[in-house]
Amino acid sequence: LDDAACALAVDGKIVAAVEQEKISRRYAPGGLPHEAIQETLRLGRLDASAVDVVALARPFAAGADSLIALRVKQIFPRARFVVVDHHQAHAMSAVCAAPVAPDGATVLTLDRAGDLRCTARWLYRDGVLTLERESYFPESLGDLYG
């Protein structure tokens, strides 16, 4: 939760994305990005009760019974709750934002050590993202860069 943020997609298209620190003007890791959530809903002209699905990136929410999940359910009472892998979320966002060759794409995610996985190489083909290789801390290019 160091860089907590919220993005809102409507009918498969991103309509708003806000990082908590940009709104609050303070660094405060460890919680839900309440102000970013409110701003994305405002920008998307939606009420929280209209949200169908809320996805949270692992590792901070390990399952639907976690405290975070309960807090999310209070904000989005009608929404289904989904936990996604942190690196897979980054890889898929890269695929969605870039043109993909007809024969697919290779996607590389690098990070310091937030979930102990530091590097992951993915193959994207025919709408499917497949993990090909990964490395774990301390083998971290992100840590070296930092």
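Surface patches are here made of residues with over 30% relative accessible area and no salt bridge, with like charges joined within 9 Å and nonpolar side chains (Val, Leu, Ile, Met, Phe, Trp, Tyr) joined within 5 Å. The areas come from the Shrake-Rupley method with a 1.4 Å probe, and for residues only the protein chains shown count as cover; a salt bridge is a side-chain nitrogen of Lys or Arg within 4 Å of a carboxyl oxygen of Asp or Glu. The structure is a predicted model, in which local features need pLDDT of at least 70 and side-chain atom pairs count only at pLDDT 80 or more, while totals for chains, interfaces and linings use all residues. Residues are numbered from 1 along each chain as its sequence is written, and side-chain values use heavy atoms, with hydrogens and water left out.

A nonpolar patch of this kind is formed on the surface by Val10, Val15 and Leu46, which together have about 190 Å² of accessible area. Valine 15 has its place in strand β2 (residues 13-19), where helices (H or I, at least four residues) and strands (E, at least two) are DSSP runs numbered from the N terminus. Valine 15 counts as partly exposed because its relative accessibility is 42%, given that buried means under 20% relative accessible area, exposed over 50%, and partly exposed in between (1.4 Å probe, protein chains only). Valine 15 is also one of the contacts of glycine 44, which, leaving aside its neighbours within four places in sequence, touches Leu8 and Val15, contact meaning heavy atoms within 4.5 Å. Glycine 44 itself belongs to helix α2 (residues 34-44), and its C-alpha lies 9.8 Å from that of alanine 7, although the two are 37 residues apart in sequence.

Seen as a whole, the chain has 5 helices and 7 strands, and from the N terminus on these elements run β-β-α-α-β-α-β-α-β-β-β-α. Of its 146 residues, 31% count as buried, and the accessible surface comes to about 9600 Å², of which 54% belongs to carbon and sulfur atoms. Among contacts between residues at least 6 apart in sequence, 46% join residues at least 24 apart.

Further along the chain, 3 strands form an open sheet in the order β5-β6-β7, with antiparallel pairing; two strands pair if DSSP finds at least two bridges between them. Because β5 (105-110) and β7 (128-136) stand at the edges, each with a single partner strand, one side of each is left without a neighbour in the sheet. Neighbouring strands of this sheet are turned by 20 degrees against each other on average, direction ignored, the axes being lines fitted to C-alpha atoms, for helices over the stretch in contact, and angles running from 0 to 180 degrees between N-to-C directions. Helix α4 (residues 86-97) lies across β5, β6 and β7 and runs at about 40 degrees to β6.

The pairing of β5 with β6 (residues 117-125) extends over 6 bridges in the antiparallel sense, and here leucine 108 has arginine 121 of β6 as its bridge partner. On the other side of the pairing pattern, 8 bridges join β6 to β7, which run antiparallel, and arginine 117 has tyrosine 136 of β7 as its bridge partner. β6 and β7 form a hairpin with 2 residues between them, and aspartate 126 in the turn has a positive phi of about 55 degrees. Serine 135, placed in β7, counts as buried because its relative accessibility is 15%; apart from neighbours within four places in sequence, serine 135 is in contact with Leu116, Arg117, Cys118 and Thr119.

The structure holds 4 salt bridges. One of them joins the side chains of glutamate 132 and arginine 121 at 3.2 Å, N to O; since glutamate 132 lies in β7 and arginine 121 in β6, the pair ties together parts that are 11 residues apart in sequence. Glutamate 132 is partly exposed at 41% relative accessibility, as is arginine 121 at 35%. Another salt bridge brings together arginine 78 and aspartate 52 (3.9 Å, N to O), and because arginine 78 lies in the loop between α3 (67-75) and β4 (80-85) and aspartate 52 in the loop between α2 and β3 (53-58), this pair ties together parts that are 26 residues apart in sequence. Both arginine 78 and aspartate 52 are exposed. Glutamate 19 and lysine 22 also meet in a salt bridge (3.3 Å, N to O), in which glutamate 19 counts as partly exposed at 25% relative accessibility, whereas lysine 22, at 51%, counts as exposed.
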